[in-house]
Amino acid sequence: MTDAPPPAGPPTARPPAGDSTTAAGSVWRNALLQALVLALALGLLAALWILAHPLMLLLAAVVIATALAPAVTWLERWLPRTLAVLAVYLVVVLVIGGAGWLVVPGLVEQARALIVNGPGLVERGGEWLDRWDPLPFGEDEVAGNIRSIVDRFGSLVVSLPLTILSSVTELVLVLVMSIYLLLAAPGMKSFLLSLFPRTRRDDADAVVGEITSTMGGYVRAEALVGLIIGLLSYVGLRVIGVEYPLVLAVIAGLGELIPVAGPIIAAVPALAVALIDSPTQAAIVLVFYIVLQQVESNILLPNIMRKQTDIPPPLTLFALSAGAAVGGLLGALLAIPLAGALRVLVLRVLAPAVRRWSGAEADQG
């Protein structure tokens, strides 16, 4: 008896001829979409790189506007906002102009004297080095390095008028932009809050207020601390008898703009000038700057800086280095208040969202 053939199973389903074409088309569409996203990202990065300096000027205007916003808000009790903004900027211009009228002539005179007397200072430094013979390095090499520094400084002074003109133009542009930002601030804030539901607008308003307080508070604190350090440096160096005290005091005040390393760097020129005069005077100047550093760290920073803003030192140093790598000195100065604003966003917005998403917020509750 012949075995019956096994029953035939269901016919194997074959994919329609068009499916492979559809799949291939989907792959190409995805690849094209990814290439388009990559191209847009690269274009955005290139645009940011090209527009880095104008964006930094805009950020500087934002920082100045946030620093002056409390004064404008206070004047709005009696004046319309436009008049309040103009009054604040008028006071700022008068204060800066008055300080310049008092300081700039003496500063220019001392800077010119420093340049003219540069070779004499080099010669005096060489005579001082003669007392320490033999030296582990050549005196001619040291003198040559000092002369090259003086020559380089002189070339910078030659190009100083053009640099000042460019800087003044950018400063005026930043001030004008900050005026417009202060005038438009209520409207921009209302528009920003309108993007959130009514139940979250109070929280969003609090975050915006904390961001502006952090950015503006840092600028106000730095300006006040730099002014105090500059005045103390001028008085101390004048009493000690160091040459060019006004130039060295301005350097000390500007050094406060660079956290941690700035005061140390600012002390080097004063020590060099004092050391050329006499080792005893250099030792006195060193003690004076150490005391000044202690006053800054234990009195000024706790009572001024930390009451205005709270940016941790590690974040400050990272922002300083990152900003300097991107935009030089201006980028380094603007990166610190920007880092403070990002810190507020992380602590008040991003971290709570991550906790809600991960369930950590429920565990803590």
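1. What pattern does the protein chain follow when read along the sequence? The pattern is α-α-α-α-α-α-α-α-α-α-α-α, with twelve helices and zero strands in the chain. The model is a predicted one, and the points below should be read as comments on that prediction.

2. On overall packing, the chain has 365 residues, and 26% of them count as buried. Among contacts with a separation of 6 or more, 69% are between residues 24 or more positions apart.

3. Helix 7 recurs in several of the points that follow. Its 40 residues reach 58 Å from the first C-alpha to the last, which is close to the 58 Å expected at 1.5 Å a residue. Just after helix 7, G241 has a positive phi of about 100°. The loop that holds G241 runs between helix 7 and helix 8. G241 counts as partly exposed because its relative accessibility is 44%, and partly exposed residues fall between the 20% and 50% limits. In space, the C-alpha of G241 is 9.7 Å from that of V285, although 44 residues separate the two in sequence.

4. The largest nonpolar core contains 20 residues, and the members touching the most other members are I229, L237, V242, A270, V285 and Y289. At least two residues of this core come from each of helix 7 (201–240), helix 8 (245–255), helix 9 (261–277) and helix 10 (279–308). Helix 10 gives the largest share, seven residues. V285 thus appears twice in this note: as one of the core members with the most partners, and as the residue paired with G241 above.

5. For I229, what does the residue touch once residues up to four places away in sequence are set aside? Its partners are A252, E256, L292, E296 and L300. Two of the names in that list are glutamates, E256 and E296.

6. A second core is separate from the one just described and has 13 residues, including L57, V174, I211 and A341.

7. S178 is placed in helix 6, which covers residues 160–194. Is S178 buried or exposed? S178 counts as buried because its relative accessibility is 0%, and the limit for buried is under 20%. With neighbours within four places in sequence left aside, S178 is in contact with A61, I64, A65 and Y89.

8. The second largest pocket has a volume of about 1000 Å³. Its lining is made of 30 residues, and those nearest the pocket centre are K189, L192, V208, G209 and T212. By class, the lining has 20 nonpolar, four polar and six charged residues.

9. Which helices each supply at least two residues of the lining of the second largest pocket? They are helix 2 (52–75), helix 6, helix 7 and helix 11 (313–358). Helix 7 provides the largest share of this lining, eight residues. Helix 7 therefore supplies at least two residues to the largest nonpolar core as well as eight to the pocket lining, with helices as assigned from DSSP runs.

10. K189, one of the lining residues nearest the pocket centre, lies in helix 6. K189 counts as partly exposed because its relative accessibility is 35%. K189 and G209, another of the residues nearest the centre, are 9.9 Å apart from C-alpha to C-alpha, with a sequence distance of 20 residues.

How values were computed: Residues numbered from 1 in each chain as written. Predicted model: local features only at pLDDT ≥ 70, side-chain atom pairs only at ≥ 80, totals over all residues. Heavy atoms only, no water. Core = buried A, V, L, I, M, F, W, Y, C linked by side-chain atoms within 4.5 Å. Buried < 20%, exposed > 50% of the residue type's maximum accessible area, 1.4 Å probe, protein only. Helix = DSSP H or I, 4+ residues; strand = E, 2+ residues; numbered from the N terminus. Contact = heavy atoms within 4.5 Å. 1 Å grid on protein atoms, 1.4 Å probe; cavity = no way out; pocket = protein on both sides within 12 Å on 5 of 7 lines; lining within 4 Å. Points joined across faces, edges and corners; volume = space filled by probe spheres on them. Nonpolar A, V, L, I, M, F, W, Y, C, P; charged D, E, K, R; others polar. Expected span 1.5 Å × (residues − 1).
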